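Visitor: I am new to this structure. Please choose a single part, take a close look at it, and describe what lies around it.

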Amino acid sequence: PEDVFASLVEVVRRSFGVRVARIHLLDDARQWVYAGTDDSACTSIPVGQSACQYAIRQDRTLVIPDLTADATICRAVIGGETMRFYAGTPLMTRDGHAIGVLCLLDPQTRATMDPDEVGLLESMAELIVQTLELRESQVGARDDLLRALDEDPVTGLLSRRGLLLRLQRLVETAEPEGQVTGLLVVHLRRLD
């Protein structure tokens, strides 16, 4: 996880006065902690053991005032404390795909969340998704730029720069004896 997501979950945690806030990314089988205010980043658990499996299936925020009273959800123990309160809102992409959950956890039960709190949590979830999508587009643009620098736009073959970089890597990694590195030069004229 990047610092920006750690900062975002810390803002969420403070805004709601809970012990833990996390960004969970889910697939069919596992739930990964992408960022959290505890030391759980990059850990994963089976989806069937989490409250987030229920939150991701909804189009609104799921609030469970007391996790210990719900027999279908495994107990969440964080830092030695049993978490009782849970609130999670799905992270929905622009295409309508649920990719995870922004969730709040606390050892104290809460009766409910008022509409303003739910709205704030949902707005923070939208901000997190926008940040994820922006980061993905930046990485894609950077990769496209690097590829464009190393490839000839007409042929798709290595450009002069790409060829020189590849040769430099070959020479640097070549064994002192026994490995031969060579270069074959072909001039092409009139590429129509």
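Guide: Arginine 13 and glutamate 10 sit three residues apart, about one turn of the helix, and both belong to helix α1. Helices (H or I, at least four residues) and strands (E, at least two) are DSSP runs, numbered from the N terminus. The model is a predicted one, in which local features need pLDDT of at least 70 and side-chain atom pairs count only at pLDDT 80 or more, while totals for chains, interfaces and linings use all residues. Residues are numbered from 1 along each chain as its sequence is written, and side-chain values use heavy atoms, with hydrogens and water left out.

Arginine 13 and glutamate 10 form a salt bridge, with their closest N and O atoms 2.8 Å apart. The term stands for a side-chain nitrogen of Lys or Arg within 4 Å of a carboxyl oxygen of Asp or Glu. Five salt bridges are found in the whole structure.

The part to look at closely is the sheet that this helix crosses. Helix α1 (residues 3-16) lies across β1, β2 and β8, and runs at about 130° to β1. Helix α3 (residues 115-150) lies across β1, β2, β7 and β8, at about 45° to β7. Contact here means heavy atoms within 4.5 Å; axes are lines fitted to C-alpha atoms, for helices over the stretch in contact, and angles run from 0 to 180 degrees between N-to-C directions.

The sheet is open and has six strands in the order β3-β2-β1-β8-β7-β4, with antiparallel pairing. Its edge strands are β3 and β4 (62-64), each of which pairs on one side only. From one strand to the next, the twist averages 25°. Two strands pair if DSSP finds at least two bridges between them.

At the β3 edge, β2 and β3 are antiparallel and share three bridges; there arginine 30 has proline 46 in β3 as its bridge partner. Next in the order, β1 and β2 pair in the antiparallel sense over five bridges, and a hairpin of three residues joins β1 to β2. Arginine 22 is matched with glycine 36 in β2. At the other edge, β4 and β7 (residues 85-92) run antiparallel and are joined by three bridges, with isoleucine 64 opposite tyrosine 86 in β7.

Some of these strands also line the second largest pocket, whose space is about 310 Å³. A pocket is an open set of points on a 1 Å grid over the protein atoms alone where a 1.4 Å probe fits, with protein on both sides within 12 Å along at least five of seven lines; lining residues have an atom within 4 Å of a point. Of its 22 lining residues, Arg22, Gln31, Ile45, Gln49 and Ala76 lie nearest the centre. β5 gives the most to this lining, with three residues.

Technical notes
Points joined across faces, edges and corners; volume = space filled by probe spheres on them.
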